[in-house]
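Please look over the sequence and the structure shown here before reading the briefing. The notes go from the overall fold to the surface and then to the salt bridges.

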Amino acid sequence: APPSAALIKNELAGTLDECGNVLPVKVRVRVHIISASGLRPADTSFRGSSSDPYCTCQVVGRPQTLFQTKRLNRNLNPVWNEEHEIEEYQLGEDL
């Protein structure tokens with residue numbers, strides 16, 4: 001007997017429901033924020049012009065996935081080298 005459509009699974013496409021529709025695959029995705037360079041100075045003080053940069057990332061339309069790197073004081077070429085994980089990321093979602 002052929003397998004039920006609900007049991008057919010493709011690792012990239014997802015699981016099919018009883019009507020043959022592909023159910024979305026949700027995975028844990030690791031985001032690695034490495035660095036930035038050549039940032040414009042946004043802060044001006046008696047010490048000169050600089051910035052206190054940080055980076056944010058989230059899945060578009062899902063504010064609960066928002067994360068932020070640490071803020072690096074007076075740095076126009078920051079290196080964060082930070083990793084963050086997003087749970088239940090659906091393949092194809094924009095960050």
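Along the sequence, this predicted model follows the pattern β-β-β-β-β-β-β-β. The chain has 8 strands and 0 helices. Its structure holds 5 salt bridges, and three of the pairs are described below.

**Fold and contacts**

- Among contacts in the chain with a separation of 6 or more, 52% are between residues 24 or more positions apart.
- The chain has 95 residues, and 22% of them count as buried.

**Surface**

- About 7000 Å² of the chain is exposed.
- Carbon and sulfur atoms supply 50% of that exposed area.

**Salt bridges between strands β3 and β8**

- Which side chain does arginine 28 meet in a salt bridge? Its partner is glutamate 87, with 3.0 Å from N to O.
- This pair links distant parts of the chain, since arginine 28 is in strand β3 (residues 26-35) and glutamate 87 is in strand β8 (residues 79-90), 59 residues apart.
- Arginine 28 has a relative accessible area of 54%, so it counts as exposed, the cut-off being over 50%.
- Glutamate 87 is partly exposed, at 44% relative accessibility.
- A salt bridge also forms between the side chains of arginine 30 and glutamate 83, with 3.4 Å from N to O.
- Because arginine 30 lies in strand β3 and glutamate 83 in strand β8, this pair ties together parts that are 53 residues apart in sequence.
- Arginine 30 is exposed, with a relative accessible area of 54%, whereas glutamate 83 is partly exposed at 48%.

**Salt bridge between strand β7 and the segment after β8**

- The side chains of arginine 62 and glutamate 93 meet in a salt bridge at 2.9 Å, N to O.
- Arginine 62 is in strand β7 (residues 62-68) and glutamate 93 is in the segment after β8, so placed that the pair links distant parts of the chain, 31 residues apart.
- Is arginine 62 buried or exposed? Arginine 62 is buried, because its relative accessible area of 17% falls under the 20% cut-off.

**Network**

- Which residues are joined into one network by salt bridges that share partners? They are Arg28, Arg30, Glu83, Glu85 and Glu87.
- Two of these residues, Arg28 and Glu87, form the pair at 3.0 Å, and Arg30 and Glu83 form the pair at 3.4 Å.

How values were computed. Residues numbered from 1 in each chain as written. Predicted model: local features only at pLDDT ≥ 70, side-chain atom pairs only at ≥ 80, totals over all residues. Heavy atoms only, no water. Helix = DSSP H or I, 4+ residues; strand = E, 2+ residues; numbered from the N terminus. Buried < 20%, exposed > 50% of the residue type's maximum accessible area, 1.4 Å probe, protein only. Contact = heavy atoms within 4.5 Å. Areas by Shrake-Rupley, 256 points an atom, 1.4 Å probe, with all protein chains shown as cover. Salt bridge = Lys/Arg side-chain N within 4 Å of Asp/Glu carboxyl O.
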